[in-house]
Every structure is written in structure tokens, then in C-alpha cells.
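The following exercises concern a predicted model. Each task is followed by a solution that proceeds step by step.

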Protein chains: 2
Amino acid sequence: MLLEEIKNYKIYLASQSPRRRELLAGMGFDFEVMPTHVKEVHPEGCTPAQLVEHLSRLKLSAVKLEDFPENALFIACDTVVVLDDEVLEKPENEEDAFRMLHSLSGREHVVMSGVTVKTRRYCATRHSETRVRFRAFSDEELWYYIRHYRPFDKAGAYGIQEWIGYVGMEGMDGSFYNVMGLPTDVVWDMLQNAVKE
Amino acid sequence: MLLEEIKNYKIYLASQSPRRRELLAGMGFDFEVMPTHVKEVHPEGCTPAQLVEHLSRLKLSAVKLEDFPENALFIACDTVVVLDDEVLEKPENEEDAFRMLHSLSGREHVVMSGVTVKTRRYCATRHSETRVRFRAFSDEELWYYIRHYRPFDKAGAYGIQEWIGYVGMEGMDGSFYNVMGLPTDVVWDMLQNAVKE
């Protein structure tokens, strides 16, 4: 069982997101948070899936393996919201958040995460995508959410585990935890492969 | 906006479930928990949707409106797990939980909730359904979950917001919060109708 086998490794999560920490802890893993300071450069002409895979790899690109224990295992993840062909990342301010949420209102969008897992013997990247349908929101509802929840650290300007997710999500197809910021099922599967190497 | 209009009402939630309380609070409502002690008799020959609608109505059947303030608004909900034609409710013990989870392993099932909302002028019942796909679990994984999480108060013997949901849910179609025990989007919509009456 993975939770036993993984005890031979020291896990590092390359993310500052409290949601990712909460989810990885809920999966039963002990880990350390390792902040990364990588400039997120978006390559031209790639699909959203290629983009999030690239960004998750990028977060581990600055890691010097020799600075870490032999049994280190790194996890990095990047999540974006895709509406038609536009990629929504974190909003810059209230108006930007309103613009993003207004564009998602009454529509279906896709949440896309890329995950990279790396040890001295294993390195792999995968992605997960979830379709989310929001009902139409009034401007008053959007401002209520923005002012009470201040979603400036969240791709697409919303947290599915917050008020707007409770009252506005009409349905989804795919992984809920991917929308929260970490596709836990994919991470579990990748860690099972990593410990076998 | 509903959160303003609902202040004219005193909300009672007819449920002991901590998940339902958490979700209703997360929607921004103030409410009181009102335990109900109704014997859950299953009528013969009804569909799962009819069953959960019936059970949610039943929870409010013993409420004497004259014992409550004029502006009382009652919410009741009942959730079951449906696999093929079998309805799974709460497991009776560890073996029963194992049997249920083993039957859900590597399969798709349906989570069905019925909701009844009632005031002196309004009474309605609706249901919500979500398809959930679990990957195949090893016996060791199922026993790990049962022994660590003791899911005896949960229909189908699992909580989607717990370890087994993180590591085992391959995908879903519908409302995540319905699987947690309260279809928050349906409740929001019903309350909007209730306050208009």
C-alpha cells in the first residue's frame, strides 16, 4: 500500500497554495513545503494542456537535486482556467476578478492542472481536466463573492470550495479536487509509479 | 440578493449531519439545527429519486408549524447511494462498510439526494443526482479507510471529502456537494423560490 512504501521517501511540495497543502495532507502524506521562485514564462502556440504541463515542470526546473536528501520526491502542480481559447490565471485586482467571473457566468469552462513528480530515478508529467458549469450570476452576487472572499490567489478568480461554488456550480465532469488545485487521483497514481522505480 | 431577502425568515435545518451544517453555513445562511425523529419507512416499488424525495418530505412530516415562528423556513434532505438497482444507506458495522465499498470499487454509481423546503406559504421537493466513478481499490486500502475514518454515519460507507475521495475518485458528473450530502445549488434555487411566495 502506497502510504507504507512512500515512507522511504521525503516528499517536497513545490507550492505555496494552502489548498494543495490541505489536499496532499488529506491523502495521508507527510511532506515539506518548498517555495519555488520561477518566472512563469508562457511559451507561444501550445495548448492549455501543454501549458500547464510545462508550468509544472518549470516549478521544479530550479531544484538542485544534490541539495536534497537522496530519497527526495518532488511534487509540483500548476492550474489554469480555460474559457473558449482564453487562459485565465490569477486576477490582478477586484475589477479583473469581476471581469473573469462575469465571463464565466452562465457558461461552461475547463479547469486544467499539470503535475510533475520527480525523484532521482523517476520523472513524469501529466495533466487533468475538469469541465465546470456555472449558472448565471447577478452583478450583485459577483461583487458579494469578490468582496467577502477576495479570490486574488486563485486561477479564474474563484475557489470551488467557497460560497460561489456552493451556490453557483450547476455541475461538473471530471475531478473536483483538480478544480480545487490538485488532481489528487493523478498524484496518487504518479506516486505509485514513482515508488516502483 | 437571496442572502438579504432570507433575513426575513428563521431557517431550521432538519438534519444532524455535520456535513450538511457545514455546507449550509458556507452558503452564507444563519440557521438552527432541528433534529427529527422519524422512522424511515421505505415505500415499495418506487424509484431511487422518488425514494429520496419521499424521505426528505418525511423528515418534515412531524413538524407542527404552530410550534414555530410565523416566518419559519424548514430544510430537509436525504441522501442515498445507488449501485445498479441496490440502494446503499449507512453501513451497520465494519463488515457491512467493507461489503459496500467493495461493491463500489472499480465501478460507477449514483448519489441521489432529495430536498424538501417548507414555509407557511411554500412547500416543494426536488432531487439531485451525481454519477461517481471509483477506481479499483485493494482490500488493504478499503480496510485502511474503514479503520481510520469509520464511515458509519455515511450513505454508501464513504465521504467524498475524505481520503477515499482524494485517492479513489476517478471522476464525477453532477454536483460534488450533492455527494457530500446537500445539493447546494438546488437548495439555493428552492430558497429563491420560497422567499418569492
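**Exercise 1. Determine how strand E5 (residues 108-118) of chain A is joined to strand E6 (residues 123-134) of chain A, and in which sense the two run.**

Solution. Step one: count the bridges. There are 11 between E5(A) and E6(A), and the strands run antiparallel. Step two: examine the connection. Four residues lie between E5(A) and E6(A), and the two strands form a hairpin. Step three: locate one pair. Met112(A) has Glu129(A) in E6(A) as its bridge partner. Step four: follow the sheet onward. E6(A) also pairs with E7(A), over four bridges and in the antiparallel sense. Here Phe134(A) is placed opposite Met169(A) of E7(A).

**Exercise 2. Describe the side of chain B that touches chain A.**

Solution. Step one: establish the extent of the contact. Chain B contributes 24 residues and chain A contributes 24 residues. Step two: list the contributing elements. Those of chain B that give two or more residues are helices H2 (18-26), H5 (139-149), H6 (163-168), H7 (176-180) and H8 (184-196), together with strand E7 (169-174). E7(B) supplies the largest share, six residues. Step three: sort the residues of this side by class. The result is 12 nonpolar, seven polar and five charged residues. Step four: look at the strands that meet across the contact. Strand E7 (residues 169-174) of chain A and E7(B) are joined by three bridges and run antiparallel. In this pairing, Gly174(A) faces Met172(B) of E7(B).

**Exercise 3. Determine which rotation superposes chain B on chain A, and what relation between the copies follows.**

Solution. Step one: state the operation. Chain B is superposed on chain A by a rotation of 180 degrees, with 0.0 Å of shift along the axis and an RMSD of 0.0 Å. Step two: draw the conclusion. The two copies are therefore related as by a two-fold rotation axis. Step three: find the C-alpha of chain B nearest the axis. It belongs to Asp173(B), 2.2 Å from the axis. Step four: compare the contact surfaces. Of the contact residues of chain B, 100% recur in chain A, and the same surface serves both copies.

**Exercise 4. Classify Gly174(B) and Trp163(A) as buried, partly exposed or exposed, and name their contacts.**

Solution. Step one: take Gly174(B), which lies in strand E7 of chain B. It has 21 C-beta neighbours inside 10 Å and therefore counts as buried, since the class begins at 20. Beyond four places in sequence, Gly174(B) contacts Gly171(A), Glu129(B), Thr130(B) and Arg131(B). The C-alpha atoms of Gly174(B) and Thr130(B) are 4.4 Å apart, although 44 residues separate the two in sequence. Step two: take Trp163(A), which is in helix H6 (residues 163-168) of chain A. Its 19 C-beta neighbours inside 10 Å make Trp163(A) partly exposed. Beyond four places in sequence, the contacts of Trp163(A) are Tyr145(A), His148(A), Tyr149(A), Gly26(B), Met27(B) and Gly28(B).

**Exercise 5. Check the span of H8(B) against its number of residues, and state which of its residues are buried.**

Solution. Step one: calculate the expected span. At 1.5 Å a residue, the 13 residues of H8(B) should span 18 Å. Step two: compare. The end C-alpha atoms of H8(B) are 19 Å apart, which agrees. Step three: identify the buried residues of H8(B). They are Thr184(B), Asp185(B), Val186(B), Val187(B), Met190(B), Leu191(B) and Ala194(B).

Note on methods:
Residues numbered from 1 in each chain as written. Chains lettered and ligands numbered in written order. Predicted model: local features only at pLDDT ≥ 70, side-chain atom pairs only at ≥ 80, totals over all residues. Contact = placed C-beta atoms within 7 Å. Nonpolar A, V, L, I, M, F, W, Y, C, P; charged D, E, K, R; others polar. Pairing = 2+ DSSP bridges. Least-squares fit on C-alpha atoms with pLDDT ≥ 70 in both. Expected span 1.5 Å × (residues − 1). Buried ≥ 20, exposed ≤ 12 C-beta atoms within 10 Å, placed from the backbone.
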